[in-house]
Amino acid sequence: MSAAPNAAINAVQNADLHCHSTVSDGLLTPAEVVRRAHANGVDLLALTDHDELGGLCDARRTADELGLRFVDGAEVSVSWDEDTTVHVVALDIDPDNAALAEGLAQVRSGRDERAREMAAELAKVGIHGAYEGALRYVGNPALVSRAHFARYLAEQGLARDVKSVFDHWLAKGKPGYVAHDWATLEQALGWIRGAGGIAVLAHPGRFRLSGKELRRLLGEFKEQGGRAIEVLSGAHSAQQMAEFARLAREFQFAASRASDFHGPGESWVDLGRLPPMPPDLTPVWALFS
Ligand code: AMP
Ligand code: MN
Ligand code: MN
Ligand code: MN
């Protein structure tokens, strides 16, 4: 982000620091995401496509036209502790950093093969053509994700909506799930720090970890240079927001505010529609350069 006087950053009222565009698994183009955020009253926005920086240029140009403060971001897929997938949001990164770009390219490179394996697993339970079907929903084939499979399976009437497709077909333990090696936590945090960014643990309430495992993850994340966690997340219940506010205090993490918006009708909350930050927490945007 361009150098901002602290007074301006302290005046932020409606930050949204996690959302997706058609560059990964969102439904709106980067420019459309920015326009919608602006229309919703967002005054500090980060676009954080999965493992990809390709939307940042268009998003920033649109934000500049609208006078909306914009931060470059990405959501990095990480494998932690053998077989748990966790997501780390990178904020305020240099989008031209070569090591970050190479690292993300490496993370993306396994997606196509994984998608073919997912389709083969689904074929075993009688669901055919899922690879081709998912690709119809993808803007950027290198970024084919479970969200694209979910849209195809929902279209085929295999679940009542995109969310329940995950519960029946795509979540861990279900027929279409294929384990995958993403970046290690150490790699992801190294790339983010190297690109001058802040590493934020995304939607920690979604990882289905025991209390003990969660604390171990938070400890390792902190040790390796993680600075913040998403306290206010579209994926969190009110109770989880309170729980992660407590954990942010205990572990001395800054706190982020993050819709994780993917598109109208497909997301928990719309851009910017989150509760205010608890006043005693350090907002992650206070750490931006
Ligand atoms: P992938 O990176 O291919 O494993 O896909 C992960 C994406 O699938 C997430 O970023 C969400 O967009 C979507 N997703 C995962 N779990 C769910 C769920 N339970 N309900 C709705 N969308 C989900
Ligand atoms: Mn997604
Ligand atoms: Mn995520
Ligand atoms: Mn996300």
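**Manganese sites, sheet and core of the predicted model**

His-203 is buried, with a relative accessible area of 3%; buried denotes under 20% relative accessible area, exposed over 50% and partly exposed in between, computed with a 1.4 Å probe on protein chains only. The structure is a predicted model in which local features require pLDDT of at least 70 and side-chain atom pairs count only at pLDDT 80 or more, whereas totals for chains, interfaces and linings use all residues. Residues are numbered from 1 along each chain as its sequence is written, chains are lettered from A and ligands numbered from 1 in the order in which they are written, and side-chain values use heavy atoms, with hydrogens and water left out.

His-203 contributes NE2 to the manganese ion (ligand 3), whose other protein donors are Glu-75 (OE) and His-87 (ND1), at 2.1 to 2.2 Å. Donors are N, O and S atoms within 2.8 Å of the metal (3.2 Å for Na, K and Ca); water is not among the atoms, so sites may look incomplete. Along the sequence the donor residues of the manganese ion (ligand 3) have the spacing E-x11-H-x115-H. Distant parts of the chain are linked here: Glu-75 belongs to strand E3 and His-203 to the loop between strand E5 (198-201) and H10, 128 residues apart. Helices (H or I, at least four residues) and strands (E, at least two) are DSSP runs numbered from the N terminus. Glu-75 is buried, with a relative accessible area of 1%.

Glu-75 (OE) is also a donor of the manganese ion (ligand 4), together with His-18 (NE2), His-20 (NE2) and Asp-260 (OD), at 2.1 to 2.2 Å. The spacing of this set is H-x1-H-x54-E-x184-D. His-18 lies in the loop between strand E1 (15-16) and helix H2 (30-39), and Asp-260 in the segment after E7, 242 residues apart. Both His-18 and Asp-260 are buried.

The manganese ion (ligand 2) is coordinated by Asp-25 (OD), His-50 (NE2) and His-262 (NE2), at 2.1 to 2.2 Å, with the chain spacing D-x24-H-x211-H. Of these donors, His-50 is in the loop between strand E2 (44-47) and helix H3 (56-66) and His-262 is in the segment after strand E7 (254-258), 212 residues apart. His-50 and His-262 are both buried. The manganese ion (ligand 2) is 4.6 Å from the manganese ion (ligand 4) and 5.6 Å from the manganese ion (ligand 3).

An open sheet of 7 strands has the order E1-E2-E3-E4-E5-E6-E7 and mixed pairing; two strands pair if DSSP finds at least two bridges between them. E1 and E7 stand at the edges with a single partner strand each, so one side of each is left without a neighbour in the sheet. E2 pairs with strand E3 (residues 69-80) in the parallel sense over 4 bridges, and Ala-46 stands opposite Val-71 in E3. H3 lies across E2 and E3 and runs at about 150 degrees to E3, where axes are lines fitted to C-alpha atoms, for helices over the stretch in contact, and angles run from 0 to 180 degrees between N-to-C directions.

At the other end of the strand order, strand E6 (residues 228-233) and E7 run parallel and are joined by 5 bridges, with Glu-230 opposite Ser-256 in E7. The chain passes from E6 through helix H11 (residues 238-251) to E7 in a right-handed β-α-β crossover, that is, with the strands pointing away from the viewer, the path from the first strand over the helix to the second runs clockwise. In E7, 5 of 5 residues are buried. Ala-254, Ser-256 and Ala-258 point one way from E7, and Ala-255 and Arg-257 the other way. In a regular strand the side chains alternate between the two faces of the sheet.

The largest nonpolar core has 72 residues, of which Leu-17, Leu-45, Val-88, Val-231, Val-284, Trp-285 and Phe-288 touch the most other members. A nonpolar core is a set of buried Ala, Val, Leu, Ile, Met, Phe, Trp, Tyr and Cys residues joined through side-chain atoms within 4.5 Å. Beyond its neighbours within four places in sequence, Leu-17 is in contact with residues including Leu-45, Ala-46, Ser-256, Ala-258, Val-284, Trp-285 and Phe-288; contact means heavy atoms within 4.5 Å. A second, separate core of 20 residues includes Ala-130, Ala-150, Leu-153 and Val-178.

Arg-216, in helix H10 (residues 211-223), is partly exposed, with a relative accessible area of 37%. Residues up to four places away in sequence not counted, Arg-216 touches Trp-80 and Asp-81.
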